[in-house]
Structure formats: C-alpha cells, structure tokens
Amino acid sequence: DWLFILAGSHSSEFAAGPLPANVHCISIFPEPALWPLLAGADVGLNPMISGGGSNLKIFDYLSVGVPVLSTPIGARGLTDPSTIMEISEPTVSALSDGLDRLASRSNQALINQRVDRGRQLVENAFDWRVLGERWAESLAELPHRESVIRVILQSWVVDGGNLCAAAQKSSHVERLGRGLIRAQGKRGQPTQGQPAVHRGAR
C-alpha cells in the first residue's frame, strides 16, 4: 500500500476533506524541512495536467535521488524525460500503473539508472549557481551590463551576502545571486565550489 503526503500550500485545497486514510496533507512549512521529507520518499509525484514553464519540484525530486513519476506535461521543458523518470498519462489507471512499475524489483536497475542520470542533470544544468552564472554571461552581452547586474544584485544583497526582505530569504534567490557574483568576479572562469543542490541520503 502507498502512503501519499501532499506537502505545500496546495494541500489547503483538500482541507474540507474527507481524505482516504493513506493521504496526509502538510501545509506550508520551512524549506529546510522539505529536504528530509523528499529524501525519505520512495517516489516523487508530479501529476500535472496543465501549466507553463518547468516544474521546479521535478528538480527538487531529482536532486535528492528520488525516483520520479510525472505526466508528460509535468515534464515539459526536458529533453527525453523518460531517461530520467517514469512518464504516465494523467489518468488514475495510468498513474497507478506507473507506481507499480516503480515498486517492481525487476525494474530496479532501470530506476537506479534514471535516478543517477537525473541527479547528474540537475548538478550540471539546473543547479542555481550554474543558472546564475549563465544568467550573468547573458547579461554581460547587454549594453550597460554593469548597471544591470548591480540593480539585480542590490535586490538581494545586504551586508555582503545576507538576503533582504524583498527576497523573502529564498535559498534559490541566494544561490542564483551568488552565481551572478561569482561569474562577475571570475569573468567566465569555471566554478570550483560544491554543487548547490541538496545532497540527500540516497
């Protein structure tokens, strides 16, 4: 049997209940509490049926080494997502079958391969520091680039790196900003620091 944990503000949509006994909702909580929850999961679900842009939760799942089950639209923006996660159509029966495939011991080698590929993808292409450096490189091609970068950094830097209230203490914004600073300081030199993605227990 599966235990489903709905974590985040979306769980308030189910506050009126009732819910099945194997479904639990956790409302808004501090971001640091999210990582142990994800690392302890057997599967990260992303059953999207609409929306635009990439789902950041996908990268959170991949960064902690959790097998991912997503609908095709939930994996939008990724090239060949079936190499890093299980893809199922957005129906109850299809998603149920997807969970069964992820639970099958006979599929464990494929699942582990996907997890490793997904984690590598996040570290190499979607780490916030990497994105910050790429952003800085793009900004460097703009006219008056020093003024543009200064305005961006002033939106979050206080006293040498602390986040201002406008940034709402978001670790994502902080990592992005640090990537901007590092790229600006090193002028395109490769980064030597550790990846910013969370290193889970898996």
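A nonpolar surface patch joins Val, Leu, Ile, Met, Phe, Trp or Tyr side chains within 5 Å, each residue having over 30% relative accessible area and no salt bridge. The model used in these exercises is predicted.

**Exercise 1. The surface patch**

Task: Name the residues of the nonpolar surface patch, then place isoleucine 5.

Solution.
- Step 1. Leu3, Ile5 and Ile26 make the patch, which covers about 250 Å².
- Step 2. Isoleucine 5 sits in strand β1, residues 4-7.
- Step 3. Its relative accessibility is 41%, so isoleucine 5 is partly exposed.
- Step 4. For scale, the accessible surface of the protein chain is about 12,100 Å². Carbon and sulfur atoms hold 55% of that surface.

**Exercise 2. The overall layout**

Task: Give the numbers of helices and strands and the order of the elements in the protein chain.

Solution.
- Step 1. There are seven helices and seven strands.
- Step 2. Read from the N terminus, the order is β-β-α-β-α-β-β-α-α-α-α-β-β-α.
- Step 3. The protein chain has 202 residues, and 35% of them are buried.
- Step 4. Take the contacts between residues at least 6 apart in sequence. Of these, 52% join residues at least 24 apart.

**Exercise 3. The open sheet**

Task: Work out the strand order of the sheet β3-β4-β5 and say which strands stand at its edges.

Solution.
- Step 1. The three strands form an open sheet in the order β3-β4-β5, with parallel pairing.
- Step 2. β3 (44-46) and β5 each have a single partner strand, so they are the edges, and one side of each lacks a neighbour in the sheet.
- Step 3. Two bridges pair β4 with β5 in the parallel sense.
- Step 4. Across this pairing, serine 70 faces isoleucine 87 of β5.
- Step 5. Now follow the chain into the loop between β4 (68-70) and β5 (86-87), where threonine 71 is found. Threonine 71 has 1% relative accessibility, so the residue counts as buried.
- Step 6. Beyond its neighbours within four places in sequence, threonine 71 contacts Asn46, Pro47, Met48, Ile87, Ser88, Glu89, Pro90 and Leu95.

**Exercise 4. Helix α2 and the core**

Task: Decide which element gives the largest share of the largest nonpolar core, and list the buried residues of α2.

Solution.
- Step 1. The largest nonpolar core has 15 residues. Leu38, Ile58, Leu62, Val68, Leu78 and Met85 touch the most other members.
- Step 2. Two elements give two or more residues to this core: α1 (34-39) and α2 (56-63).
- Step 3. α2 gives the largest share, four residues.
- Step 4. Six of the eight residues of α2 are buried, so the rest of the structure largely encloses this helix. They are Ile58, Phe59, Asp60, Tyr61, Leu62 and Ser63.
- Step 5. The cover over them includes α1, β3, β4 and α4 (108-126).
- Step 6. Take one residue in detail. Not counting residues up to four places away in sequence, isoleucine 58 touches Asn46, Val68, Ser70, Gly74, Leu78 and Met85.
- Step 7. Another core, of seven residues, lies apart from the largest one; Leu69, Leu99, Leu102 and Ile111 are among its members.
- Step 8. After α2 comes glycine 65, with a positive phi near 80 degrees.

**Exercise 5. The salt bridges**

Task: Find the three salt bridges and identify the residues that salt bridges with shared partners join into one network.

Solution.
- Step 1. Apply the cut-off: a side-chain nitrogen of Lys or Arg within 4 Å of a carboxyl oxygen of Asp or Glu. The count is three.
- Step 2. Arginine 101 bridges to glutamate 86, with the closest N and O atoms 2.5 Å apart. This pair links helix α3 (residues 92-103) to strand β5, across 15 residues.
- Step 3. Check accessibility. Arginine 101, at 32%, is partly exposed. Glutamate 86, at 10%, is buried.
- Step 4. Arginine 114 also meets glutamate 86 in a salt bridge, at 2.6 Å from N to O. Arginine 114 lies in helix α4, 28 residues from glutamate 86. Its relative accessibility is 13%, so arginine 114 counts as buried.
- Step 5. Glutamate 123 bridges to arginine 119, with the closest N and O atoms 3.0 Å apart. Both lie in helix α4, four residues apart, about one turn of the helix.
- Step 6. Glutamate 123 is partly exposed at 21%, whereas arginine 119 is buried at 16%.
- Step 7. Shared partners join Glu86, Arg101 and Arg114 into one network.

Terms used
Residues numbered from 1 in each chain as written. Predicted model: local features only at pLDDT ≥ 70, side-chain atom pairs only at ≥ 80, totals over all residues. Heavy atoms only, no water. Core = buried A, V, L, I, M, F, W, Y, C linked by side-chain atoms within 4.5 Å. Buried < 20%, exposed > 50% of the residue type's maximum accessible area, 1.4 Å probe, protein only. Contact = heavy atoms within 4.5 Å. Areas by Shrake-Rupley, 256 points an atom, 1.4 Å probe, with all protein chains shown as cover. Patch = residues over 30% accessible without salt bridge, like charges linked within 9 Å, V, L, I, M, F, W, Y side chains within 5 Å. Pairing = 2+ DSSP bridges.
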